[in-house]
Amino acid sequence: MAQRVSLKSFLATARKALTAPPSQRPNPLTFVVGNESADLDSICSAVLYAYFRTHAPSSQSALHIPLSNLPRDDLALRAELNAIFPPSSNSVTPDDLITLSDLPSPSDLPPSATKWYLVDHNVLTGDLTKRGYDKSVVGCVDHHDDEGIIPSDAQPRVFAKCGSCMSLVLSQCQPIWDQLQSHQEIDEELARVAMAPILIDTVKLTSKDKTTDWDVNAAAYAEEKLVATLSVARSSRQRYDREKYFDHLSELKDSILHLSYRDILRKDYKKWTDGSLNLGISTVVQGFETCLAEVGDKQTFLAALKDWAKEQQLDIAAVMTVSKPGGVFTRELLVWGLGGQDAVKVARRFAEKNGGSLGLEKWNNGELDGEEGGEWRACWRQMDVGSSRKQVAPMLREVMKESARL
């Protein structure tokens, strides 16, 4: 078993291994990576899983490098990380995280010199796929639908429905954690990392649509670690309080109105390709009305979305908002087919096929709708608030696949 170290020391060791000359680093290098949205669940799940895999019994304890699936500059868009890793602290800060910007060049790190574990997704995408690393995936822990790409002999190959992927990750890591010698500061920091995405993704374990036994059990285990540290808590660190921790995370996560539309659209973004069509979906934590009033008007928003679609080479661009105006949990959805006739057909067909089940109602008398220049765009209030991007993306992708089969 690897000697136990602090999370900060672990990340420093991982970075040193990654940046070492090829002849001086482990071969293969083993990575743990979350999905392209690089939200709290993906980033924290990768960090925790890599830490405990590295500290597993000796037969399994190769160094695992947690990779945040975003460029380093984009860390600044994730202010919520500051609630977990305070920038002014002597422990881990967001700057300690390892990002795509830290990867060696493809020639210095070929796929054959890597192994990959996926958390919070089960299909490697984006630049990592362009480098060919998808051929080196050896394990997966995910709470999304199984797309059938992960090899049947992958270890682990864990799929289960739950609010936060972290809950599955923690279930995998618990036997290792139980074997490690207790260490107050390290256990507290790791437990805070674990609790952050669980609290956000399940709304403090109160969301009936999302919270499962996986989440309840994981939270109980992590909070038990936190409670254990309270009896000898240090005065220099704020004591854990579930409500206050959630409120702090939420406040930072929802603070986006000072950003440009481009930054808002790329902050929580995923992209897929099915057939010949590219789909991108941005999740935005403020409603359209608030954004149009505080960030920029209709023309500014639509121009920014079109520019983003062009930058990402999208045929179909979608925006999903989630907000609580007047304390009412609300979802909105905009879908824009702007990549030619096939993209428009897919966008229209999606609305026809899924409008009823999603409870789609025209938003603000069609203010953001449009049909011009061979494009089609519609915006709705989504009355089925239980369906997030995790459910809507497969609906859009299924129509894209149907179109490709024609």
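Reader: Where does Pro28 sit?

Author: This is a predicted model, and in it the peptide bond from Asn27 to Pro28 comes out cis, with omega near 5°. As for its place in the chain, Pro28 is in the loop between H1 and S1.

Reader: What is the omega of the peptide bond from Gln155 to Pro156?

Author: Pro156 belongs to the loop between S5 and S6. Most peptide bonds are trans. The bond from Gln155 to Pro156 is cis, with omega near 0°.

Reader: OK, on to the sheet. What is the order of its 6 strands?

Author: Let's build it from the pairs. S1 (residues 29-33) and S4 pair in the parallel sense over 5 bridges, and S4 (residues 114-119) is joined to S5 by 4 bridges, also parallel. S5 in turn is joined to S6 (residues 157-159) by 3 bridges, again parallel. The whole open sheet then reads S3-S2-S1-S4-S5-S6.

Reader: Which strands stand at the edges?

Author: Strands of a sheet pair through backbone hydrogen bonds, either parallel or antiparallel. A strand at the edge here has a single partner strand, so one side of it is left without a neighbour in the sheet. The two in that position are S3 (98-99) and S6.

Reader: I'd like some residue registers. Which residue of S4 does Phe31 stand opposite?

Author: The pairing to look at is the parallel one of S1 with S4, over 5 bridges. The S4 residue in question also stands opposite Val137 in S5. Opposite Phe31 you'll find Trp116.

Reader: And which residue of S6 does Cys140 stand opposite?

Author: S5 and S6 run parallel, with 3 bridges between them. Across from Cys140 in S6 is Arg157.

Reader: How many of the 6 residues of S5 are buried?

Author: Buried means under 20% relative accessible area. S5 (residues 137-142) is largely enclosed by the rest of the structure, because the number of its 6 residues that count as buried is 5.

Reader: What angle does the direction of H2 make with that of S2?

Author: Two helices are worth a look here. H1 (residues 7-19) lies across S1, S2 (64-68) and S3, and runs at about 90° to S2. H2 (residues 40-54) packs on the sheet too, touching S1, S2, S4 and S5, and its direction makes an angle with that of S2 of about 175°.

Reader: Now the backbone torsions. What is the phi of Leu205?

Author: Most residues other than glycine have a negative phi. In the loop between H6 (184-202) and H7 (213-230), Lys204 has a positive phi near 60°. Leu205 lies in that loop as well, and its phi is positive although it is not a glycine, at about 70°.

Reader: Are H12 and H13 parallel or oblique to each other?

Author: The axes of H12 (residues 341-358) and H13 (residues 389-405) come within 9 Å and cross at roughly 140°. Angles over 145 degrees would count as roughly antiparallel. With that crossing angle, H12 and H13 are therefore oblique.

Reader: How do the residues of the contact of H12 with H13 divide?

Author: H12 passes H13 in a right-handed crossing. Among the residues making the contact are Val346, Arg349, Phe350 and Lys353 of H12, and Val392, Met395, Glu398 and Glu402 of H13. The contact residues divide into 3 polar, 4 charged and 8 nonpolar.

Reader: Is Phe350 buried or exposed?

Author: Phe350 is in H12, and its C-alpha atom is separated by 7.2 Å from that of Met395, 45 residues apart along the chain. Not counting residues up to four places away in sequence, Phe350 touches ten-odd side-by-side neighbours such as Leu333, Trp380 and Val399, to name some. Its relative accessibility is 0%, so Phe350 counts as buried.

Reader: Last one: what is the relative accessible area of Glu367?

Author: Glu367 is in the loop between S11 (360-362) and S12 (376-382). Leaving aside neighbours within four places in sequence, Glu367 is in contact with Leu292 and Lys298. The C-alpha atoms of Glu367 and Lys298, 69 residues apart along the chain, are separated by 8.4 Å. Glu367 counts as partly exposed because its relative accessible area is 29%.

Terms used
Residues are numbered from 1 along each chain as its sequence is written. This is a predicted model: local features need pLDDT of at least 70, side-chain atom pairs count only at pLDDT 80 or more; totals for chains, interfaces and linings use all residues. Side-chain values use heavy atoms; hydrogens and water are left out. Axes are lines fitted to C-alpha atoms, for helices over the stretch in contact, and angles run from 0 to 180 degrees between N-to-C directions. Angles under 35 degrees count as roughly parallel, over 145 as roughly antiparallel, 65 to 115 as roughly perpendicular and the rest as oblique. A crossing is left-handed if the near helix is turned anticlockwise from the far one by less than a right angle, and right-handed if clockwise. Contact means heavy atoms within 4.5 Å. Ala, Val, Leu, Ile, Met, Phe, Trp, Tyr, Cys and Pro count as nonpolar, Asp, Glu, Lys and Arg as charged, and the others, Gly among them, as polar. Buried means under 20% relative accessible area, exposed over 50%, partly exposed in between (1.4 Å probe, protein chains only). Two strands pair if DSSP finds at least two bridges between them.
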